[in-house]
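User: I am new to reading protein models. Please take a close look at the enclosed empty space in this one, and help me place it within the rest of the protein.

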Amino acid sequence: MVTLADVAQHAGVSASTVSYVLSGKRTISEVTKRRVERSILELGYHPNAGARALASNRSNIIALMMPLRTDMYVPVMMEIAIAVATNAREHGFDVLMLTGEEGPAAVRRVVASGLVDAIILMDVELDDARLPVLRESGRPAVLIGLPSQTTGFTCVDLDFTEAGALCVEHLAELGHREIAVIGEAPAVYERKAGFAERTIDGLRARAHGLGLRVLHRPCEGTYASMASAVGQIFTERPDVTGFVVHNEQAVEPLLSLLRQDRRAVPEDISVVAVCPEQVALQGSVRLTSVTIPAREMARHAVDHLIAKVEGQADDEVVLLKPELVVRASSGPAPVNG
């Protein structure tokens with residue numbers, strides 16, 4: 001294994017000079033700096049992580065707090081996590097992933113450990129119990145999500161309020177007046193997950209402004225739960241001609257149930273979803289959808305976090321603009337609808 005002393009001997013400088021080049025704690029002439037860097041490259045030297053942390057007072061590790069809950073669509077969470085790790089490596093940082101549902105205790109533990117320079121929080125609730133602890137810690141942090149109070153935090157998220165509104169606008173333009181919403185699992189609303197609450201709030205507000213009637217049904221997303229929900233919807237609102245789905249697991253069961261009920265998509269029923277692009281494209285019908293930009297959210301979160309670590313960024317809220325892509329699942333409301 002190549003050591004710091006080997007680099008110093010190869011470059012013809014002292015070991016302390018090599019250390020200063022690595023840490024940046026002292027000004028070194030450009031000529032000497034280039035000579036040391038050339039030796040590091042030629043010898044394939046990799047600084048010991050512990051020594052580097054002591055020298056720079058940093059670990060170059062980011063904690064990603066991503067609770068893996070049974071009521072969440074894990075593929076989206078993992079896509080964000082992979083994108084966070086990939087973008088972090090481009091900045092020279094590694095990622096420590098915390099997947100438990102410990103809440104504030106997990107924040108306290110990771111801060112007390114001294115292992116990480118900064119923290120990214122996912123699955124943010126409107127009144128998230130982790131946030132007071134995070135604020136008190138003084139650690140640079142970014143939330144992928146939007147709590148009810150954003151003061152003192154940098155937040156990155158899709159504008160889910162506008163996403164819900166876009167779905168309603170699209171169906172209204174097609175002449176639909178009665179809309180049913182298949183939402184996330186009941187537990188998601190019980191804990192007031194920000195993305196779910198904001199989507200339904202935006203949808204309802206725009207529907208009210210456009211004079212549309214909306215029926216919202218949370219759903220586990222299984223075939224059995226969907227069969228029950230769809231049956232109740234058509235019993236309560238037989239004139240429903242448009243569905244908005246904000247539950248990735250519910251998409252294919254819904255399409256299957258509509259086929260069994262001899263309701264053609266989009267001739268009889270239009271379906272619009274808020275979901276990842278692959279979900280919209282891989283269903284039995286290509287869905288009109290508002291895409292959840294997982295990779296873009298992750299990239300913004302990491303870039304803002306690194307800027308905060310470097311002391312180059314203030315707190316801000318970054319809401320990505322949603323875009324609705326029209327595909328085969330939406331069409332004009334039936335004349336007798």
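Analyst: Let's begin with how the parts get their names: helices (H or I, at least four residues) and strands (E, at least two) are DSSP runs, numbered from the N terminus. Keep in mind as we go that this is a predicted model.

A quick overview will help before we go inside. The protein has 14 helices and 12 strands. Along the principal axes, its C-alpha atoms fill a box of roughly 85 × 40 × 35 Å. Its radius of gyration is 25 Å, whereas a compact globule of 337 residues would come out near 20 Å. Of those 337 residues, 50% are buried.

Now for the empty space. Rolling a probe the size of a water molecule over the atoms shows where empty space is left. How many cavities of 30 Å³ or more are there? The count comes to two.

Let's take the largest cavity, which holds about 280 Å³ of space. It is lined by 20 residues, and those closest to its centre are Met72, Val76, Met77, Phe160 and Phe195. What kinds of residue form this lining? It divides into 13 nonpolar, three polar and four charged residues. Two helices to find on your screen are α5 (74-90) and α10 (194-210), since each of them supplies at least two residues of the lining. The biggest contribution comes from α5, which gives three residues.

The second largest cavity has a volume of about 40 Å³. Around it you will find Val181, Tyr189, Ala196, Thr199, Ile200, Leu203, Val244 and His246. Here α10 gives the largest share, with four residues. This lining is made up of six nonpolar and two polar residues, with no charged ones. Helix α10 is therefore a good landmark, because it supplies at least two lining residues to the largest cavity and the largest share to the second, as the naming of helices lets us trace.

While you are looking at α10, find Glu197, which sits in this helix. Is Glu197 buried or exposed? Its relative accessible area is 14%, and a residue counts as buried under 20%, so Glu197 is buried. Its C-alpha atom is 9.1 Å from that of Glu125, although the two are 72 residues apart along the chain.

Just ahead of α10, in the loop that joins α9 (186-190) to it, is Lys192. Lys192 has a positive phi of about 55°, although it is not a glycine. With a relative accessible area of 41%, Lys192 is partly exposed. Arg262 makes a useful partner for this point: its phi is also positive, near 60°, and it too is a residue other than glycine. You can find Arg262 in the loop between α12 and β9. At 76% relative accessibility, Arg262 counts as exposed. Pro266 also has its place in the loop between α12 (251-260) and β9 (270-275). The peptide bond that leads from Val265 to Pro266 is cis, with omega near 10°.

To finish, let's leave the cavities and see how a helix can have a buried side and an exposed one. Helix α3 (residues 30-43) is 14 residues long and spans 20 Å from its first C-alpha to its last, close to the 20 Å expected at 1.5 Å a residue. Its buried residues include Thr32, Val36, Ser39 and Ile40. Why do these four belong together? They cover an arc of only 100° around the axis, which puts them on the same side of α3. There is a simple rule behind this pattern: an α-helix has 3.6 residues a turn, so residues three or four places apart point the same way. Turn to the other side of α3 and you meet Val31, Leu41 and Glu42, which are exposed. After the helix comes Gly44, with a positive phi near 70°.

One of those buried residues, Thr32, also leads us to another part of the chain. Val13 and Thr32 are 19 residues apart in sequence, and their C-alpha atoms are 8.2 Å apart in space. Val13 lies in the loop between α1 (4-11) and α2 (15-23). At 16% relative accessibility, Val13 counts as buried.

Key: Residues numbered from 1 in each chain as written. Predicted model: local features only at pLDDT ≥ 70, side-chain atom pairs only at ≥ 80, totals over all residues. Heavy atoms only, no water. 1 Å grid on protein atoms, 1.4 Å probe; cavity = no way out; pocket = protein on both sides within 12 Å on 5 of 7 lines; lining within 4 Å. Points joined across faces, edges and corners; volume = space filled by probe spheres on them. Nonpolar A, V, L, I, M, F, W, Y, C, P; charged D, E, K, R; others polar. Expected span 1.5 Å × (residues − 1). Buried < 20%, exposed > 50% of the residue type's maximum accessible area, 1.4 Å probe, protein only. Arc of directions from axis to C-beta. Rg over C-alpha atoms; globule rule 2.2 N^0.38 Å.
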